[in-house]
Amino acid sequence: MSWHLFAVFFASTFLISATPGPNMLLAFQYGMNYGVKRTLWTLAGLSLGLFVLLLSTLLGLDVISRQSPWLLTIIKAVGAAYLVYLGISSWRDAGDSSLMSDAKELSTEVEADYAAAEGQAGTPQPRSLSSAAVKASPSNLILFRTGVWVSLSNPKAILFFAAFFPKFINFSAPLWPQYILLTIGLFMSETIWQIVYTLGGKKLASWLDVGNRLAWLNRGCGIIFIIIAAALFAEVINSFMV
C-alpha cells in the first residue's frame, strides 16, 4: 500500500469518525457523567468491540480473496451500492440535529433499560447500539462491558467495513501488511475522536450545535461515501472489461 493511498484512507476515516455516532455519543455522555479517568474503561471496551468486528471482516475478505475471487467482485459491487445508500442517507438526515439533545435522548432510553434490568445483577442491558449513560455510578467492569456491547451490537459496522475497505486494499499484493496499516489508521481516527468527545463534553456540543456545523459534517461524510462508491463501481466495471 502506498503512503498516498494510506493518507486518503486516514483522511476519510478521520472525517467519518468525527460524526457523533453511537460510540462517540457514548464517550461524550460518559465523559460528562463519570469523568475522563473512569470513561477510559468505556473507551477500552469500545476499542475491543471495534477490533473484533474489524478482525472478523478482514478475515472474511482474506478467505474470499484467496478462494473465491469472483465473490470479491460481487462484494465490491454490493458494497458500492451500500455506500451510495449511506451517502444519500447521511445527506438527507443532516437536519435539525443537536448533539446535546441526542445524548439526552439516549440517556433517557438507557435509564429505562437500567431500571428494568436492576433485578438482573444491576447491569444495564443495551437494547440498541445507541445506549448511553445511566444515573447510577457503575463499576469499572460495567463501564468496560457497556463499551464492548455498544460496539458489538452494531452489525452494520461489518457491512460498512466490507464495503469501505476493499477500495484501499490491493488484493494482488500481500494482504496482512495492508490490513495492519488500515487497522492502525482506523484505530488512530476512532481513538482521537473518542478522546475529543470525552474531553470536549459540553464545549464540543455547543460548537457543533451552532448553525449547520453538525449537518455539514454529516453531509461531508455522505460525499466521501459516494466518492468511494464511485471508485468501487469503476473497479468492478474494469474487472469485466479486462
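A search of the whole structure, which is a predicted model, finds 3 salt bridges. One of them joins the side chains of Asp-62 and Arg-66, with an N to O distance of 3.3 Å. These two residues are 4 apart in helix H3, so about one helical turn separates them. Their surroundings are worth a look too: Asp-62 counts as buried at 10% relative accessibility, whereas Arg-66 is exposed at 54%.

Glu-235 takes us to another part of the fold. Lys-76 forms a salt bridge with Glu-235, and their closest N and O atoms are 3.1 Å apart. Because Lys-76 lies in helix H4 and Glu-235 in helix H9, this pair ties together parts that are 159 residues apart in sequence. Glu-235 also forms a salt bridge with Lys-167, here with 3.4 Å between the closest N and O atoms. Lys-167 sits in the loop between H7 and helix H8, so this pair links parts 68 residues apart in sequence. Through shared partners, Lys-76, Lys-167 and Glu-235 join into one network. Within this network, Lys-76 is buried, with a relative accessible area of 16%, while Glu-235 at 26% and Lys-167 at 22% count as partly exposed.

Helix H4, the home of Lys-76, spans residues 69-92 and reaches 35 Å from its first C-alpha to its last, close to the expected 34 Å. Its buried residues, among them Leu-72, Ile-75, Lys-76 and Tyr-82, pack against helices H3, H7 and H9.

Helix H3 also contributes to the surface. A nonpolar patch of Leu-48, Phe-51, Val-52, Leu-55, Leu-59, Leu-152 and Trp-176 has about 550 Å² of accessible area together, and H3 supplies its largest share, 5 residues. One of the patch residues, Leu-48, is partly exposed at 40%.

Key
Residues are numbered from 1 along each chain as its sequence is written. This is a predicted model: local features need pLDDT of at least 70, side-chain atom pairs count only at pLDDT 80 or more; totals for chains, interfaces and linings use all residues. Side-chain values use heavy atoms; hydrogens and water are left out. The expected span of a helix is 1.5 Å times one less than its number of residues. Buried means under 20% relative accessible area, exposed over 50%, partly exposed in between (1.4 Å probe, protein chains only). Contact means heavy atoms within 4.5 Å. Patches are made of residues with over 30% relative accessible area and no salt bridge: like charges are joined within 9 Å, nonpolar side chains (Val, Leu, Ile, Met, Phe, Trp, Tyr) within 5 Å. Accessible areas come from the Shrake-Rupley method with a 1.4 Å probe; for residues, only the protein chains shown count as cover. A salt bridge is a side-chain nitrogen of Lys or Arg within 4 Å of a carboxyl oxygen of Asp or Glu.
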